[in-house]
Amino acid sequence: MDIKTYLYNTLTKRVEEFKPNEAGKVAMYTCGPTVYHFAHIGNLRSYIMEDVLEKYLRYVGYDVTRVMNITDVGHLTSDGDTGEDKMLKGAKRENKTVMDIARFYTEAFMADCEKLLIKRPDIVEPATNCIPEFIHMIEVLLEKGYAYVAGENVYFDTSKLDNYYVLSSQNEEDLQVGVREDVEEDTNKKNKTDFVLWFTKSKFDNQELKWDSPWGVGYPGWHIECSCISIKHLGEYMDIHCGGVDNIFPHHTNEIAQSEAYIGHKWCNYWFHVNHLNTTSGKMSKSKGEFLTVSLLEEKGYNPMVYRMFCLLSHYRKPLEFSWDALDNVATAYDKLLRRIANLSEEGETDKEAFGEYEKKFAEALGNDMNTSSAITVLYDMLKADMNDGTKRALVARYEEVLSLRLTAAWEEKEECLDEEFVSYIERKIEQRAEAKKAKDFATADAIREELAQRGIVLKDSREGTTWMPA
């Protein structure tokens, strides 16, 4: 499809046309979860929007390879290099081994993604699979003079870079001790902004996962894993790197620093960041106890597709405020949309001209910096447009490739609920109503209409007779 795609690039701070390194192909990386607890719905907003981005790129004809890591070691309770390992924290909480925790919450995360119709990335790699790659990258950084050993840990030396803050708007003053809650004094560091590439046993004696290395028994820092895993599977040039806005600094900033020092050239051209999901009290986070999960939504009676649609109705770069009232409104709109789609008949050959027109409108809406709300508006406009139902059904199926809202399931569910016995009942009631009208017994005729309406069936009278459809 000949559609130009425009995305906001965190690296350049502007919306610009997306042009991959290799024509027709896209190398895409997603920062995966730290699997020490369930993902809350704020975490999952990012994965929903990244999923739509990937599916849109496929929709317009790109061959996408998407890689995601699983952080099962190295991510500390602070995004700076302080605190205990989140995985160890999870293991202590549940009195299990770190790997038991990792397996359980990886499966839980994947189950949540499946419920939300988030496509599994082409490659999913746990950090613990790549210890040799981490060690090799650190050795190269030491050889090139971008890293140093201090206090038995290995640090990246940010003073060697011309522009460490290329991705973020941070500055050195922001990192003074006490300014940020995740920054503590580390006397081993040469510079406040330096970060750990490898921790040794000298720092965390109770660390469960440890490996031999040239610098002592220890484990990798959090930031090194995404650089290594992406380069391992996508090569030295990447098109799009995705994540939440909270990853911009320090995680993605540090990724750029170590990756470009390692390979010697620009690494990733486009950075795609999704804003926070907030509650009335601010950003949703596990540490604050605001722990809304997909399972909790289901327990309260919400279809996971309602939450997906809730996310798609806002722009990914804007903060989104969650409330139960807002979710209820989306649930109502979603049910009405499904009923409308379910009532589309299979009549009419696909009108190629109309199909092409609305296929392009949908792509252009998404190509305008992933404006999912506008894309859904195109869906509603198409359903109201003057074209046959066969064409509309074909377009719904096409849009579903990107929106993934179980729209086409509306037809299958309609067919399943309308079994032969129920259809016979409807037809008998229509005959009884026709006889009542013929006898001018309009009260009985109205009562039959109301009885069917209560069972989800709408009658439509015309000169040719009475037809029916699900409400």
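This report describes one sheet, the helix across it, and some aromatic and charged side chains.

The model is predicted, so that local features need pLDDT of at least 70 and side-chain atom pairs count only at pLDDT 80 or more, while totals for chains, interfaces and linings use all residues. Residues are numbered from 1 along each chain as its sequence is written, and side-chain values use heavy atoms, without hydrogens and water.

An open sheet is formed by four strands (DSSP runs of E, at least two residues, numbered from the N terminus) in the order S6-S7-S8-S9, with antiparallel pairing, where pairing requires at least two DSSP bridges between two strands. Strand S6 (147–150) and strand S9 (218–220) are the edge strands, each pairing on one side only. Within the sheet, S7 (residues 153–156) and S8 (residues 195–200) are joined in the antiparallel sense over three bridges, and Phe156 stands opposite Phe195 in S8.

The structure holds 22 aromatic pairs, a pair being two rings of Phe, Tyr or Trp (its six-membered ring) with centres within 6.5 Å, called stacked when the planes are under 30 degrees apart, edge-to-face when over 60 and tilted otherwise. The rings of Tyr164 and Tyr165 have centres 5.0 Å apart and planes at 70°, so this pair is edge-to-face. One aromatic cluster is formed by Tyr302, Tyr307, Phe310, Phe322 and Trp324.

Two lysines sit over rings, which requires NZ of Lys or CZ of Arg within 6 Å of the ring centre and within 35 degrees of the ring normal.

| Charged residue | Ring and distance from its centre |
|---|---|
| Lys96 | Phe104, 5.0 Å |
| Lys300 | Trp324, 5.1 Å |
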